[in-house]
Amino acid sequence: MAYFGGPGTVFGPVIGAFILSAIYNLLAIHISTAAGLLFGLVIVLSVIFMPKGLLHVFGGVRRQGLSYLLANIRQHRL
């Protein structure tokens, strides 16, 4: 949860905990049989596409626009 929100920040782990808990609860309610699998997929995709956390992505998009996401993917060679 800390990595998802943004390691090295004060609010990153808190935001990561709230968002991941909400995602898991929604998956468990609507897709109870595959909730664990899909939750794992969310975590893997977040590590691939947001290696510095959610707060870093929001800050980059706010500064540079949506081109930041493509630059982030190219930088980490995906």
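A residue counts as buried under 20% relative accessible area, as exposed over 50%, and as partly exposed in between. The exercises below apply this scale and related terms to a predicted model.

**Exercise 1. Determine whether Ile48, Ser46 and Leu66 are buried, partly exposed or exposed.**

Solution.
Step 1. Ile48 belongs to helix H3, which spans residues 35-49. Its relative accessible area is 33%, so Ile48 is partly exposed.
Step 2. Ser46 is also placed in helix H3. With a relative accessible area of 8%, Ser46 is therefore buried. Leaving aside neighbours within four places in sequence, Ser46 is in contact with Phe4 and Pro51.
Step 3. Leu66 is found in the loop between H4 and H5. A relative accessible area of 65% lies over the 50% limit, so Leu66 is exposed.

**Exercise 2. State which residues make the nonpolar surface patch, and what area it has.**

Solution.
Step 1. Membership requires over 30% relative accessible area. Ile48, at 33%, therefore meets this requirement.
Step 2. The patch is made by Ile48 together with Leu41, Val44, Leu45 and Phe49. Its area is about 400 Å².

**Exercise 3. Describe the burial of helix H4 and identify elements that cover its buried residues.**

Solution.
Step 1. Helix H4 comprises residues 54-64, and its buried residues are Leu54, Val57, Gly59 and Gly60.
Step 2. The cover of these buried residues includes helix H1 (2-5), helix H2 (12-30) and helix H5 (67-75).
Step 3. Leu54 serves as an example: its relative accessible area is 9%, so Leu54 is buried. Not counting residues up to four places away in sequence, Leu54 touches Phe4, Gly5, Gly6, Ile15 and Ile19.
Step 4. Leu54 and Ala17 are 37 residues apart along the chain, and their C-alpha atoms are separated by 11 Å.

**Exercise 4. Classify the relative orientation of H4 and H5, and list the residues that make their contact.**

Solution.
Step 1. The two axes come within 8 Å and cross at roughly 125°.
Step 2. The perpendicular class runs from 65 to 115 degrees and the antiparallel class begins over 145. The crossing angle falls in neither class, so H4 is oblique to H5.
Step 3. On the H4 side, the contact is made by His56, Val57, Gly60, Val61 and Gln64. On the H5 side, the residues are Ser67, Tyr68, Leu69 and Asn72.
Step 4. H4 is followed by Gly65, which has a positive phi, near 85°.
Step 5. The loop between the two helices also holds Leu66. The C-alpha atoms of Leu66 and Ile31 are 31 Å apart in space, and the two residues are 35 apart in sequence.

**Exercise 5. Summarise the chain: what are its secondary structure, extent, burial and exposed area?**

Solution.
Step 1. The chain has 5 helices and 0 strands. Read from the N terminus, the order of elements is α-α-α-α-α.
Step 2. Along the principal axes, the C-alpha atoms fill a box of roughly 40 × 30 × 20 Å.
Step 3. Of the 78 residues in the chain, 24% are buried.
Step 4. Considering contacts with a separation of 6 or more, 41% are between residues 24 or more positions apart.
Step 5. The chain exposes about 5,400 Å², and 72% of this area is supplied by carbon and sulfur atoms.

Note on methods. Residues are numbered from 1 along each chain as its sequence is written. This is a predicted model: local features need pLDDT of at least 70, side-chain atom pairs count only at pLDDT 80 or more; totals for chains, interfaces and linings use all residues. Side-chain values use heavy atoms; hydrogens and water are left out. Buried means under 20% relative accessible area, exposed over 50%, partly exposed in between (1.4 Å probe, protein chains only). Helices (H or I, at least four residues) and strands (E, at least two) are DSSP runs, numbered from the N terminus. Contact means heavy atoms within 4.5 Å. Patches are made of residues with over 30% relative accessible area and no salt bridge: like charges are joined within 9 Å, nonpolar side chains (Val, Leu, Ile, Met, Phe, Trp, Tyr) within 5 Å. Accessible areas come from the Shrake-Rupley method with a 1.4 Å probe; for residues, only the protein chains shown count as cover. A salt bridge is a side-chain nitrogen of Lys or Arg within 4 Å of a carboxyl oxygen of Asp or Glu. Axes are lines fitted to C-alpha atoms, for helices over the stretch in contact, and angles run from 0 to 180 degrees between N-to-C directions. Angles under 35 degrees count as roughly parallel, over 145 as roughly antiparallel, 65 to 115 as roughly perpendicular and the rest as oblique.
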